[in-house]
Amino acid sequence: MSNKHDHEHGHQALPSDPALRVKALESLLVEKGLVDPAALDALIDTYENKVGPRNGARVVAKAWIDPEYKQRLLTNASAALAELGYGGRQGEDMLVLENTPKVHNLVVCTLCSCYPWPVLGLPPVWYKSAPYRSRAVIDPRGVLREFGLDLAEDVEVRVWDSTAELRYLVLPERPVGSEGLNEDELSALVTRNAMIGVAKVALPKHSERA
Amino acid sequence: MNGIHDMGGMQGLGSLEYEEDEPVFHARWEARAFAISLAAGALRKWNIDAGRHQIELIPAADYLRMSYYEKWMERLIRLLVKSGVVTPAEVESGKPDSTSTKSTPPLTADMVAPGTARGGSARRNVQVAPRFRAGQQVRARNVHPSGHTRLPRYARGKTGTIQRDHGVFVFPDTNAQFLGEAPQHVYSVRFEARDLWGEQASPRDSVFIDMWDNYLEPI
């Protein structure tokens with residue numbers, strides 16, 4: 001039986017194409033007055049354009065240049081993040097984990113896809129994938145090596161499994177040689193991966209200072 | 001439940017695939033599925049724990065085959081039908097039944113920004129006595145509930161140390177079944193990697209798991 005035949009005779013109750021399925025459900029819910037299409041547009045705009053890892057990068061840069069802010073961030077993260085206007089959905093109760101030369105923190109959600117939306121936006125596909133979720137807890141050093149980070153044996157690795165409603169942001173180490181950079185320049189160096197704990201923050205080659 | 005979603009410590013689930021400059025959504029339908037799910041949540045017919053459980057109920061082979069937002073769509077349709085908001089016939093046809101009455105959407109565009117900023121904390125400001133304190137040795141209970149739980153299998157029966165008390169939160173195991181919030185303390189519990197995985201793990205490494213009071217027993 002060809003695909004064409006299947007399609008024409010419609011043996012499936014639902015369209016198998018997810019795009020069609022979503023479209024059909026959206027039009028049903030709109031017609032029933034259950035969802036407002038303008039609200040859907042606003043939600044998408046929020047997570048495509050307003051909330052993302054640049055928020056977290058700003059937090060990290062501020063913590064690097066302001067020791068008192070860093071202290072507040074490590075002792076009461078939700079309040080310290082609120083100072084910069086970050087909080088709310090999927091980041092109501094936050095904790096910040098400090099990476100040091102001797103302690104490396106890595107965040108995972110083995111059970112689903114928990115992630116600190118207000119500071120990092122929506123999670124990337126790899127973070128939600130079975131390989132990462134299954135391996136991060138049993139083989140964190142192997143996972144980190146695949147991300148290009150080979151940690152020395154004497155570094156302590158702490159994996160944080162986000163099983164509850166606490167959300168975690170990693171405060172990466174400030175790169176050596178970044179002393180002359182201002183807050184904005186520092187913020188531009190900070191990557192999403194470094195704030196999950198699968199990377200370190202590096203200086204771009206051209207801005208390394210002697 | 002001992003489902004495929006509880007995959008911490010499993011091996012053989014494939015290699016890590018990394019995409020440079022990944023977009024927030026890979027197709028418009030993903031963005032719509034995401035937004036419809038959040039907007040439908042404003043109907044207040046279910047809670048986040050019940051939603052997570054619906055994803056866990058997707059059969060394992062389908063769970064592994066489906067993409068992330070395909071699972072979100074499956075969850076949403078199950079929740080809408082289960083709560084009586086739509087009928088299976090309406091889902092099939094994409095059209096309201098003749099008996100359907102028109103509602104007013106609970107979430108409008110102007111409510112999105114304040115709602116995003118406010119969120120909905122699972123923390124509860126009620127006085128509940130903690131059963132454990134920081135520094136105490138505990139054991140994660142060896143239980144296998146058939147419903148929703150956030151106690152991962154890889155930790156059950158294992159010994160750890162209470163690192164800190166996060167305060168009082170909604171208990172997902174009861175909340176997912178609409179049996180009440182049963183607010184109780186959640187702790188950060190430190191498990192030595194070797195206590196979880198044996199000698200293959202580094203003696204320096206550890207896994208911190210957030211655990212509700214009900215998941216723990218004293219040693």
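Here is a chat about a predicted model with chains A and B.

Biologist: Let's start with the contact between the chains. Which element of chain A gives the most to the side that touches chain B?

Modeller: The contact takes 65 residues from chain A and 73 residues from chain B. On the chain A side, the elements that each supply at least two residues are α2 (18–31), α3 (37–50), α8 (125–128), α9 (130–138), α10 (140–146) and β3 (156–161). With eleven residues, the top contributor is α2(A).

Biologist: And how many residues on that side of chain A are nonpolar?

Modeller: Take the other classes before the one you asked about. Eleven residues there are polar and 18 are charged. The nonpolar count is 36.

Biologist: Back to α2(A), then. Why do its buried residues line one face of the helix?

Modeller: The helix has 14 residues and reaches 20 Å from its first C-alpha to its last, close to the 20 Å expected at 1.5 Å a residue. Its buried residues are Pro18(A), Arg21(A), Val22(A), Leu25(A), Glu26(A), Leu28(A) and Leu29(A). In an α-helix, residues three or four places apart point the same way, because there are 3.6 residues a turn. Seen down the axis of α2(A), the buried ones line one face because they fall within an arc of 165°.

Biologist: What covers those buried residues of α2(A), including which elements of chain B?

Modeller: We know that α2(A) gives eleven residues to the side of chain A that touches chain B. For the cover over its buried residues, look to chain B, where the elements include α1 (28–41), α4 (68–82) and α5 (88–93).

Biologist: What residue with a positive phi follows α2(A)?

Modeller: Look just past the helix, which runs 18–31. The phi there is near 70°. The residue is Gly33(A).

Biologist: There's strand pairing too. In β4(B), which residue is the bridge partner of Val159(A)?

Modeller: β3(A) pairs with strand β4 (residues 206–212) of chain B. The two run in the parallel sense, over four bridges. Opposite Val159(A), the bridge partner is Val207(B).

Biologist: I noticed Gln90(A) has a positive phi without being a glycine. Is Gln90(A) buried or exposed?

Modeller: Most residues other than glycine have a negative phi. Gln90(A), at about 65°, is found in the loop between α6 (77–83) and β1 (93–98) of chain A. The cut-off for burial is 20 or more other C-beta atoms within 10 Å. Gln90(A) has 23 of them, so Gln90(A) counts as buried.

Biologist: Ala182(B) has a positive phi as well. How many other C-beta atoms lie within 10 Å of Ala182(B)?

Modeller: Ala182(B) has a phi of about 35° and lies in the loop between α7 (172–175) and β3 (184–192) of chain B. Ala182(B) is partly exposed, and the count of other C-beta atoms is 17.

Biologist: On to the domains of chain B. How many residues of domain 1 are in contact with domain 2?

Modeller: The assignment gives domain 1 as 28–118 and domain 2 as 137–218, with 29 Å between their C-alpha centres. Domain 2 brings six residues to the contact, and domain 1 brings six.

Biologist: And what separates the domain centres in chain A?

Modeller: Here domain 1 covers 15–49 and domain 2 covers 52–207. Taken over C-alpha atoms, their centres are separated by 32 Å.

Terms used. Residues numbered from 1 in each chain as written. Chains lettered and ligands numbered in written order. Predicted model: local features only at pLDDT ≥ 70, side-chain atom pairs only at ≥ 80, totals over all residues. Domains from an automatic or database assignment. Contact = placed C-beta atoms within 7 Å. Nonpolar A, V, L, I, M, F, W, Y, C, P; charged D, E, K, R; others polar. Pairing = 2+ DSSP bridges. Buried ≥ 20, exposed ≤ 12 C-beta atoms within 10 Å, placed from the backbone. Expected span 1.5 Å × (residues − 1). Arc of directions from axis to C-beta.
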